[in-house]
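Hi everyone, thanks for making room for me today. I'd like to walk you through one model, so let's put it up on the screen and look at it together.

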Amino acid sequence: MSRPFATIDDDGAPLKVLLVGAGAMGHTWLGAVQASPLVELCGIVDLDLEAARASAASIGKPDLPVGRGTAQLASDVGAQAVINVTVPAAHHPVSTEALFAGLPVLGEKPVASTVAQGLSLVAAAELTGQLFMVSQSRRYNRDLFAAKALAGGLGRLGILSADFFKAPHFGGFRDQMDHPLLLDMAIHQFDMARFLLDADPVSVFCEEYNPAWSWYGGDAAAVASFEMSGGERFVFNGSWCSPGQETSWNAAWRLGGEHGTVLWDGDNTPTATVSPAMDGAAVTPAGAAVVKDPGSEVHGSLREFVSALRTGTPPMGQVHGNILSLAMVEAAIESAATGQRVRIDALLERAYREAVREEKRPDVAAVLDSWSIDGAFSAAVALGTAPAPAMPSRVS
Ligand SMILES: NC(=O)c1ccc[n+]([C@@H]2O[C@H](COP(=O)([O-])OP(=O)(O)OC[C@H]3O[C@@H](n4cnc5c(N)ncnc54)[C@H](O)[C@@H]3O)[C@@H](O)[C@H]2O)c1
């Protein structure tokens, strides 16, 4: 699920990046940008100019250019790429603006507020030929990579579970959200499940609930059972109001295959127990000793973004595949609301119709139109598992 994109030759100088969004997570990104020799911060954008100035001052650069508009400041300072760390509602407008300014984008999760807006961004990336990568920072974890390598020794994989039990008192917007756990947290584990299994979601049945003692207004607990494309089942069992014996923020994982099981507590080195093979020979967990270091969290995704731009190698979070992690969230919420199992292809079809209805740019609308084959949405064409058809010119 990837598409080619424009590369930027490595001339030996760091890539000039513009940070958009000077909030809490923007501060984390500032640290990563400052720490990396691969990039150079050339400006900060925020609707709140004072926040942008304060961020610049916090890293000892009070004279760093700041502004409210992404394309304008990018042009003023000669930015080569944008890091979008705005609130989810601003992901679609800010990333669209950057892509059409000819800039590749590294955006915070989720890809956008809705799958429909995410599809519009897939189309914008297609049209501009620019890379749009979503930073799913929990993928960049050496132990997660090790767990996946160990899974290579289990034969066929079938059973994956993630237990997530925390008890944070955030205060603020999360306490009022309708689906705090599913919307704000579970996308991390859903995305990690896609990574561990090398599989995509087919359908989900989900139940949301709010324990009697919960301090959240919306449902802070959920159980979701996904069917995945290899026939595997992935079960997420989580709560944000479970004091005592809390799990890792990464969740606690169990991955079962035909020859054995991998356990990962989310914080330490994973382990594998492998049964003797049918012929009596021991099955060795493959690859565990040669796990490549993916870097840590946003540091890792920043490194992969720059590497992708330099080499043309599609990164893990390219929007075409990443959108399925948000689709898992939307499908789980829909299932919880309706009491029905929800198919991902049906959800994508509905999101596509919404994207076509809502699209404001005729050029993006023409790309969306080209994903309709015999009147039905083709996820294979849209998300890059099939060749893109020649784009028809749109009659408006
Ligand atoms: N990967 C993770 O673990 C992780 C953790 C926390 C947050 N996040 C994600 O990071 C993003 C930002 O979260 P946050 O906690 O920093 O939010 P925040 O509210 O603290 O900051 C967001 C900033 O974006 C600015 N902004 C909003 N609309 C804008 C626009 N159109 N143009 C320019 N600036 C705009 C706001 O003024 C604010 O300063 C969210 O998508 C969130 O999901 C990811």
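Let's start at R353, which is partly exposed because its relative accessibility is 33%. For the cut-offs, buried means under 20% relative accessible area, exposed means over 50%, and partly exposed is in between, with a 1.4 Å probe and protein chains only. R353 pairs with E349 in a salt bridge whose closest N and O atoms are 2.5 Å apart. By salt bridge I mean a side-chain nitrogen of Lys or Arg within 4 Å of a carboxyl oxygen of Asp or Glu. The partner, E349, also counts as partly exposed, at 23% relative accessibility. Both residues sit in helix α11 (residues 344–358), 4 residues apart, which is about one turn of the helix. Helices here are DSSP runs of H or I with at least four residues, strands are runs of E with at least two, and both are numbered from the N terminus.

Before I go on, a word on provenance: this is a predicted model, local features need pLDDT of at least 70, side-chain atom pairs count only at pLDDT 80 or more, and totals for chains, interfaces and linings use all residues. Residues are numbered from 1 along each chain as its sequence is written, and side-chain values use heavy atoms, with hydrogens and water left out.

Back to charges. How many salt bridges does a search of the whole structure find? The count is 14. In general, side chains of opposite charge can pair when their charged atoms come close. One of these bridges joins E50 to R53, with 2.7 Å between the closest N and O atoms. They lie 3 residues apart in helix α2 (residues 49–58), so about one helical turn separates them. E50 is exposed at 52% relative accessibility, while R53 is partly exposed at 39%.

Then there is D200 with R194, again with closest N and O atoms 2.7 Å apart. Is R194 buried or exposed? R194 is buried, because its relative accessible area is 9%. As a marker for distance on your screens, R357 and R194 are 163 residues apart in sequence and 29 Å apart in space, C-alpha to C-alpha. R357 lies in helix α11 and counts as exposed, at 60% relative accessibility.

Now for the inside. The largest nonpolar core has 93 residues, and L119, F190, F234, W253 and W371 touch the most other members. A nonpolar core is a set of buried Ala, Val, Leu, Ile, Met, Phe, Trp, Tyr and Cys residues joined through side-chain atoms within 4.5 Å. W371 is a good one to click on: leaving out residues up to four places away in sequence, its contacts include L119, V122, Y352 and S378. Contact means heavy atoms within 4.5 Å. From the other side, S378 is in the loop between β16 (376–377) and α13 (379–383), and S378 is buried, with a relative accessible area of 13%. With the same four-place exclusion, S378 is in contact with W371 and I373.

Next, the ligand. Which residues come nearest to it? Of the 20 residues around the ligand, A24, M25, D46, H91 and K109 do; to be counted, a residue needs a heavy atom within 4 Å. Looking at polar contacts, which are pairs of N or O atoms within 3.5 Å, a ligand oxygen is 2.9 Å from a polar backbone atom of K109. A ligand nitrogen is 3.1 Å from a side-chain N or O atom of S137, and for the side chain of E108 the distance from a ligand nitrogen is 3.4 Å.

Last, some backbone geometry. Most residues other than glycine have a negative phi, and most peptide bonds are trans. K109, which we just met at the ligand, is joined to P110 by a cis peptide bond, with omega about -10 degrees. P110 is in the loop between β5 (105–108) and α5 (115–128). D198 has a positive phi of about 50 degrees without being a glycine; D198 is in the loop between α8 (186–197) and β8 (201–209) and is exposed, at 63%. Q245 has a positive phi too, near 50 degrees. Q245 lies in the loop between β10 (233–239) and β11 (252–257), and counts as exposed at 81% relative accessibility.

That's my tour; thanks for listening!

Methods:
A polar contact is a pair of N or O atoms within 3.5 Å; within protein, one must be able to donate a hydrogen and the other to accept it, and residues adjacent in sequence count only if both atoms are side-chain atoms.
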